[in-house]
Amino acid sequence: MAASSRAQVLRLYRALLRESQRFSGYNYRMYAIRRIRDAFRENKNIKDSEKIEELVNKAKENLEVIHRQV
C-alpha cells in the first residue's frame with residue numbers, strides 16, 4: 001500500500017471514530033465504534049489497490065451517513 005493511501009485510510013478511520021463519538025445514545029455510539037474497529041481490523045491485510053479503493057469509498061459513504069444521523 002502506498003504511503004498516501006495508508007495516510008488516507010488512517011484519516012478516514014479517525015474521522016469515523018470521531019464522528020461516532022457524537023452519537024447521543026450510548027448503545028448507538030458503542031455499536032458504531034465496535035463496527036468501525038472490526039471492519040478495519042478485518043480488512044487490514046488487503047493488498048489489492050482496487051479492493052482498497054472500493055472499501056475506502058464505502059467507508060466515506062458510511063461517514064456521510066453517520067454525519068447525517070448525528
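Mentor: A residue counts as exposed when its relative accessible area is over 50%, and as buried when that area is under 20%. Keep in mind that the structure here is a predicted model.

Trainee: Why is Arg35 called exposed?

Mentor: Its relative accessible area is 53%. The cut-off for exposed is over 50%, so Arg35, at 53%, passes it. Arg35 belongs to helix H2. Its C-alpha atom lies 11 Å from that of Tyr13, and the two residues are 22 apart in sequence.

Trainee: What makes Arg41 exposed?

Mentor: The relative accessibility of Arg41 is 55%, and exposed requires over 50%, so the term applies. Arg41 is also in helix H2. Between Arg41 and Phe23 there are 22 Å, C-alpha to C-alpha, for a separation of 18 residues in sequence.

Trainee: Which word fits Ala32, buried or exposed?

Mentor: Buried, because Ala32 has 11% relative accessibility and the limit is under 20%. Ala32 sits in helix H2. Leaving out residues up to four places away in sequence, Ala32 touches Ser20 and Phe23. Ala32 and Leu16 are 16 residues apart in sequence, with their C-alpha atoms 8.9 Å apart.

Trainee: How do you know that Leu12 is buried?

Mentor: Its relative accessible area is 9%, and buried means under 20%, so Leu12 qualifies. Leu12 is part of helix H1.

Trainee: Which residues does Leu12 touch, not counting those up to four places away in sequence?

Mentor: Leu12 touches Val56, Ala59, Lys60 and Leu63. What makes each of these a contact is heavy atoms within 4.5 Å. For Leu12 and Glu54, 42 residues apart along the chain, the C-alpha separation is 13 Å.

Trainee: How many aromatic pairs does the structure hold?

Mentor: Two. One of them is formed by Phe23 and Tyr28.

Trainee: Why is the pair of Phe23 and Tyr28 called tilted?

Mentor: The ring centres of Phe23 and Tyr28 are 6.4 Å apart, and rings pair when their centres lie within 6.5 Å, so the two count as a pair. The angle between their planes is 35°. Stacked needs under 30 degrees and edge-to-face needs over 60, with the rest called tilted; therefore 35° makes this pair tilted.

Trainee: Which of the words buried and exposed belongs to Phe23, and which to Tyr28?

Mentor: Phe23 is buried, because 12% is under the 20% limit. Tyr28 is exposed, because 61% is over 50%.

Trainee: What is the volume of the largest pocket, and which residues lie nearest its centre?

Mentor: The volume is about 1000 Å³. The lining has 32 residues, and Leu16, Ile36, Ala39, Phe40 and Ala59 are those nearest the centre.

Trainee: Which helices supply the lining of the largest pocket?

Mentor: Helices H1 (3–20), H2 (26–42) and H3 (49–69) each supply at least two residues. The most come from H2, with 11.

Trainee: How do the residues of that lining divide?

Mentor: Into 20 nonpolar, three polar and nine charged. Ala, Leu, Ile and Phe are among the kinds counted as nonpolar, so Leu16, Ile36, Ala39, Phe40 and Ala59, those nearest the centre, fall in the nonpolar group.

Trainee: Which feature does UniProt place at residues 7–65?

Mentor: An unreviewed UniProt entry places "domain: Complex 1 LYR protein" there. In the model, that span is 81% helix and 0% strand, and its end C-alpha atoms lie 22 Å apart.

Key. Residues are numbered from 1 along each chain as its sequence is written. This is a predicted model: local features need pLDDT of at least 70, side-chain atom pairs count only at pLDDT 80 or more; totals for chains, interfaces and linings use all residues. Side-chain values use heavy atoms; hydrogens and water are left out. Rings of Phe, Tyr and Trp (its six-membered ring) pair if their centres lie within 6.5 Å; planes under 30 degrees apart count as stacked, over 60 as edge-to-face and the rest as tilted. Buried means under 20% relative accessible area, exposed over 50%, partly exposed in between (1.4 Å probe, protein chains only). On a 1 Å grid over the protein atoms alone, a cavity is a set of points where a 1.4 Å probe fits but cannot get out, and a pocket is an open set with protein on both sides within 12 Å along at least five of seven lines; lining residues have an atom within 4 Å of a point. Grid points are joined across faces, edges and corners, and a volume is the space filled by probe spheres set on the points. Helices (H or I, at least four residues) and strands (E, at least two) are DSSP runs, numbered from the N terminus. UniProt positions are given in the numbering used here, feature names are shortened, and annotations may be inferred rather than shown by experiment.
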